[in-house]
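Let's take a friendly walk through this structure, with the charged pairs and the pockets as our stops. Keep the viewer open as you read.

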Amino acid sequence: MTEAPAISARGLRRVFGNGVVALDDVDFDLHRGEVVSIVGPSGSGKSTLIASLNGLETPDAGEITIAGERIPLGRERVWRRVRQEVGMVFQDYALFPHLSVLQNMTLAPVRRGRMRRAEADGLAMDLLARVGLAAKAHARPIELSGGQQQRVAIVRALAMRPKVLLFDEPTSALDPETIRDVLEVMQSVARDGMTMAVVTHELGFAREIADRLVFMADGRVIEEGRPAALLDNPRTQRLADFLRHLLHR
Ligand code: ADP
Ligand code: MG
C-alpha cells in the first residue's frame, strides 16, 4: 500500500481584500522524504502557498490533507496541532529577541507538551552542536550574525521533531558568505530524510538537493518536474525568462 503524501493540496485559491489573486487553483503535493523547491517571481504566491500548508494563511477555497487527514481550512484548533508536525523557517529568522538561543529552542516543545524540560534541553544542545553553535546556547539572538540566527531558526524548528519543514526564502536576507553555511545545514537536514518544501532562489540547492522543482507565476503552478530537466530545458517562456532574469541579477 502506498503511503498518503505528507501534504496534499488541491484547488487552493486565495484572493486578498485588494482583489489580488495570490493563489489561483493551485495543486501541490509533498511526499514523505521528498525535498521540493519552489521558485517564481516576486508576488507569484510562493509565500501564500507555503504559509497555507501549516495554517498561517487561510485559503478561501480548496482542500488540504496532512498525512492523509483532511484539515478544515481556518479551523485554528486543528491547525495548531498541525503546526507541531509541520514546522516553518522564515526569511527573517523570527527568533524571540528577549530569550536566549536555548530558550528559543525549548519554549515550544515544552509549552506544547511535546517533551519534558530535560529532554528538550538535551535535544536542543545536540542540535546546536550539530550546527556548530553549542557555545551560543546562552547568547541572545542579537549577539549572533544573520547566518547564525538562521541556523538557530532551523534547529529551533527541528527541536519540535516535526514531520515536515517548510522554508520561505531562508537565505534571502543573508550575506553571500553566510548563505553557504545555512544551505549546508538544510542539505544535511534533507540527507537525514526530512520532508521539505523550500521557497528559494538558490538554484544550486534546487538542482542538487531538491527531488522536484515547482515554478509559480501569477498564483499558479506553471511547470514542475525534475530540477535539472526544468532548469536546463524550461518548457515555457515564463520559466525561461525567469531563469535568465535570475542569472543576470
Ligand atoms: P511571493 O512570496 O511569491 O513573492 P506572495 O505569496 O507573498 O508572493 O504574494 C502573492 C500576491 O499576494 C502578491 O501580489 C502580494 O502583493 C499579495 N499579498 C500577499 N499578502 C497579502 C496581504 N496580506 N494583503 C494583500 N495582498 C497580499
Ligand atoms: Mg515570498
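## Pockets and salt bridges

The second largest pocket has a lining of 13 residues, and those nearest its centre are A6, I66, A67, E85 and K163. Bear in mind as you look around that this is a predicted model. The volume of this second largest pocket is about 260 Å³. Helix α2 gives the most to its lining, with three residues. Sorted by class, the lining of the second largest pocket holds seven nonpolar residues, one polar residue and five charged ones.

Now turn to the largest pocket, whose volume is about 650 Å³. Its lining is made of 25 residues, and R83, M88, A108, R156 and M160 are the ones that lie nearest the centre. Which elements each supply at least two residues of that lining? They are α2 (76-85), β6 (86-89), α3 (101-111) and α5 (146-158). Of the contributors, α3 gives the most, with six residues. By class, the lining of the largest pocket divides into 16 nonpolar, four polar and five charged residues.

From pockets we can move on to charged side chains. How many salt bridges does the model have? The count comes to 19. Three of the pairs are set out here, each with its closest N to O distance.

| Salt bridge | Closest N and O atoms |
|---|---|
| R14 and D60 | 3.4 Å |
| R70 and E63 | 3.7 Å |
| D121 and R117 | 3.9 Å |

Start with R14 and D60, which form a salt bridge with their closest N and O atoms 3.4 Å apart. This pair links distant parts of the chain, its two residues being 46 residues apart. R14 sits in strand β1 (residues 7-15), while D60 belongs to the loop between α1 (46-52) and β4 (61-66). Is R14 buried or exposed? R14 counts as buried, because its relative accessibility is 17% and the cut-off for buried is under 20%. Its partner D60 has a relative accessible area of 47%, so D60 is partly exposed.

A neighbour of R14 is worth a look too. T48, found in helix α1, touches R14, F16, A22, L23 and E57, leaving aside residues up to four places away in sequence. With a relative accessibility of 10%, T48 counts as buried.

The D121 and R117 pair has another setting. Both residues lie in helix α4 (residues 117-130), where they are four residues apart, about one turn of the helix. Are these two side chains buried, exposed or partly exposed? D121 is partly exposed, with a relative accessible area of 25%, and R117 is partly exposed as well, at 46%.

For the salt bridge between R70 and E63, the accessibility of the acidic partner can be given: E63 counts as partly exposed because its relative accessibility is 37%.

Finally, try selecting a group of three residues. Which residues are linked in a network of salt bridges? They are R13, D24 and R220. To round off the tour, you might colour R14, D60 and T48 together: the salt bridge joins R14 to D60, and T48 is in contact with R14.

Conventions: Residues numbered from 1 in each chain as written. Chains lettered and ligands numbered in written order. Predicted model: local features only at pLDDT ≥ 70, side-chain atom pairs only at ≥ 80, totals over all residues. Heavy atoms only, no water. Salt bridge = Lys/Arg side-chain N within 4 Å of Asp/Glu carboxyl O. Buried < 20%, exposed > 50% of the residue type's maximum accessible area, 1.4 Å probe, protein only. 1 Å grid on protein atoms, 1.4 Å probe; cavity = no way out; pocket = protein on both sides within 12 Å on 5 of 7 lines; lining within 4 Å. Points joined across faces, edges and corners; volume = space filled by probe spheres on them. Nonpolar A, V, L, I, M, F, W, Y, C, P; charged D, E, K, R; others polar. Contact = heavy atoms within 4.5 Å.
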